[in-house]
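Biologist: I would like to take one slow, close look at a single part of this model, and I would be glad of an answer that a first-year student could follow.

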Amino acid sequence: MKFLTPSFLIFGCFILGGLIFKSTAPTTCNEIMPDDSIFVLTGDARRIPFAMQKLRQYPDTDLYIIGAGAQGSVTMAKKVSIESDSKSTYQNALAIKKIANRNGLDRIVIITTEDHMNRAMHLMRTEMPTIKIVACPAPLIAMGASKRLERWTTEYIKYIVTLFGIKES
């Protein structure tokens, strides 16, 4: 029983929590309705092209590109709006809330990468509890296993920090 030290138990809980975190992350895009508004969070090169695919599939939707690095990312699309002031996932949630309230939206679609989706959805639901939020994760393609593990671990730690009330992580 000597191996059941407090640090071993904490490490075990961290690993178990990480497995749960990964297994509960959405891996497929939920149903997008023709009149939905799609919000894509920038920060990964996969997200905007994935969102543009969804816009081609659902041409009646509005697409909002939210966050740092968005300027200049889309050159030609008539139903695309760009918000480039927010610099974190929490600030993204506040920007989306402002747009949703201004436009009277009661249902939105969030696009971000699958490793980022749990934390993004948590922050969105905290800021917009009355709005239906649909997850549409962009898959992590063309990425080695070690890089993928690093990203999932980083997002898991950020998620834990967010659960403790620190939103700007």
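Biologist: By class, how many nonpolar, polar and charged residues does the lining of the second largest pocket have?

Modeller: The model is predicted, so local features need pLDDT of at least 70 and side-chain atom pairs count only at pLDDT 80 or more, while totals for chains, interfaces and linings use all residues. Residues are numbered from 1 along each chain as its sequence is written, and side-chain values use heavy atoms, with hydrogens and water left out.

By class, the lining of the second largest pocket is made up of eight nonpolar, two polar and two charged residues. The nonpolar ones are Phe14, Ile15, Leu19, Phe21, Ala145, Leu149, Trp152 and Tyr156, the polar ones are Gly18 and Thr153, and the charged ones are Lys22 and Arg148. (Ala, Val, Leu, Ile, Met, Phe, Trp, Tyr, Cys and Pro count as nonpolar, Asp, Glu, Lys and Arg as charged, and the others, Gly among them, as polar.) A pocket here is an open set of points on a 1 Å grid where a 1.4 Å probe fits, with protein on both sides within 12 Å along at least five of seven lines, and lining residues have an atom within 4 Å of a point.

The space in this second largest pocket comes to about 250 Å³, a volume being the space filled by probe spheres set on the points. Two elements, α1 (6-24) and α5, each give two or more residues to its lining; helices are DSSP runs (H or I, at least four residues). If you follow α1 in the viewer, you can find Phe14, Ile15, Gly18, Leu19, Phe21 and Lys22 among the lining residues. If you then turn to α5 (145-163), you can find Ala145, Arg148, Leu149, Trp152, Thr153 and Tyr156 in the lining as well.

Helix α5 also takes part in the largest pocket, whose volume is about 290 Å³. Of the 19 residues that line this largest pocket, the closest to its centre are Thr42, Gly43, Arg47, His116 and Glu155. The elements that give two or more residues to that lining are α3 (89-103) and α5, and α5 supplies the largest share, four residues. By class, the lining of the largest pocket holds one nonpolar, 10 polar and eight charged residues, whereas the lining of the second largest pocket, where we began, holds eight nonpolar ones.
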